[in-house]
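Me: Give me a close look at how the strands are paired and what lies across them. Keep it brisk.

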Amino acid sequence: MSAVLTTGLLAGCSDSAQPQGAAGAQGAGAGSGSGPVTLKVEIFDRGNSPAGKTATNNDNTQWIQETFGKPNNIKLEFIPVPRSQEIEKLNVLMASGDAPDIVFTYDSNLVYKYVKQGGLTDLGKLIDEHGPNLKSYLGEDTLAYGKFDGVQYAIPAKRAYLGKYSSMIRQDWLDKLGLALPKTTEEVYAALKAFKEKQPGGPQTIPLGFSLAPASYEPIIWPFIQKTTEEEKYTMLQQLGSRDNPLLLPGHKEGIRFLNKLYNEGLMSPDFALDKDKKKLQQDIMTGKVGMYAEDAGASYGTAPDILGVLRKNVPDAKVKPVDPYTNAEGKHVKPSYQPAGMYIMIPKSSTKAAEAVKYLNWMAAKDVLITLSSGIEGTNYTLKDGVPVIKDDTETKNRLYNAGDLRLVANGIDFGSSELNLKSMTVSLKGQDAEDAALAFQHGLADGLPPVRFDRPIAAEVKYGNALHDKYDELLVKSVMAKPEAFDGVYDSLLKDYMNSGGEEIRKERTEAYKAMKK
């Protein structure tokens, strides 16, 4: 998603290559007569840097140093953390007392863990004093997600687009078999059966591409969840990381049973359990084997890997269309959506540069700074179309912006102020049918979205057991889906019991108590 938003959600811009926001940061650091202040900032290292560049030394980091650091006598030092090991590495850094001045995570439970350990700086007064851009850009609703026990311990990044998932299907396969786009879960099953029987993708046809990732299973499971009361939602959901897990809600078991049916009838990826990073799924899509798949909303368009571009090279006649077919008992296409806050930016208590850190984030929250971080330099990296930057499709621009989303900490996409304009900006760099299809995929991601359920504080039991229960849920999903149909109930029930005995029951009890307290 970060990559999608990097190339899309951009706002109106300045004519100057140096943003106006830079001027507002003058005086942020030490006086000109003293040595520079070093400000350490965490940065994700995804191992995808172009030749001659690194996650810590590239066009954007150099531009940040020149535009913010140099005028304010601050030396930016970016501390790389592997994306796949972010929580483990962050825990080590925090425990060592030598964490960067700015760190972040997507896991609110992890933030609360650091709060309880006394490891974070209270940012309330610092934002009041040094964060006018932050207040203006994020707004009270988003900033509230960074409050724990009533104290502003984190600065949440703002999500401009709240959709999570969209589904895609091979239109050319449907045309070949005389089938219409499926509009219900039952019609999906019928289409997958036809793909298996007729093998429009050849003998290696995979009707439903599937991986052990939320984007594959959540769009299918959630429509099976039955209508629930407010109390049931608050007390029976379990939050694992940034996701509301509907494991205890009525209908979850039937959703897994449906996946079990697909697996045993050979209608989905047989090796999904080994594919947590979705690379095998993406490879199967790009080689033309997959008939249908779900993904992070719009991920087939304008992101790496270029799924549709590679597929079209391998299978020139391939046509892929967005589809939103999974339905609940009311005929709605329900699916989870994101909260308006993205990742949580924190300043460790060990930092002696808290004021400089807030000033840096405040500088970043200026619209013109966000535009340059996201889209580069006007004329060189983008042109304007109806006030929206259109990113150039050339090597220089790609090399400049490849990790822009990881440096633009305060924004998961720049908010235009309306869903319509945000969607427009997300597809402005695309052409022809791809632009129309991508817009539809993003609309599907928003359709009938279910916002996460939020208490005013994290649940301590989720903090304690969350990581272990992630693995327990994966185990339940994999073994239940792969069980023989006649053994499904026994396998599922046994694994659910193990999950509950491993912390799930404590989470349920604490959420029930928190709900009662909230309603007083």
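Reply: Val-37 has its bridge partner in strand 2: Ile-74. The model is predicted; local features need pLDDT of at least 70, side-chain atom pairs count only at pLDDT 80 or more, and totals for chains, interfaces and linings use all residues. Residues are numbered from 1 along each chain as its sequence is written, and side-chain values use heavy atoms, with hydrogens and water left out.

Strand 1 (residues 37-45) pairs with strand 2 (residues 74-82) in the parallel sense, over nine bridges. Pairing takes at least two bridges found by DSSP. Helices (H or I, at least four residues) and strands (E, at least two) are DSSP runs, numbered from the N terminus. Helix 2 (residues 59-69) carries the chain from strand 1 to strand 2 in a right-handed β-α-β crossover: clockwise from the first strand over the helix to the second, with the strands pointing away from the viewer.

Now the mixed sheet. Four strands form this open sheet, in the order 3-14-6-17. Strand 3 (103-105) and strand 17 (411-412) are its edges; each has a single partner strand, so one side of each lacks a neighbour in the sheet. Strand 6 (residues 155-159) and strand 14 (residues 341-346) run antiparallel, joined by three bridges. Ile-155 has Ile-345 of strand 14 as its bridge partner.

Helix 6 (residues 132-143) lies across strands 6, 14 and 17. Its buried residues (under 20% relative accessible area, 1.4 Å probe, protein chains only) are Leu-134, Tyr-137, Leu-138, Thr-142 and Leu-143. They sit on the same side of helix 6, because they cover an arc of only 125° around the axis, taken from the directions from the helix axis to the C-beta atoms. Ser-136, Glu-140 and Asp-141 are exposed on the other side, exposed being over 50%.

Terms used
The expected span of a helix is 1.5 Å times one less than its number of residues. Contact means heavy atoms within 4.5 Å. Axes are lines fitted to C-alpha atoms, for helices over the stretch in contact, and angles run from 0 to 180 degrees between N-to-C directions.
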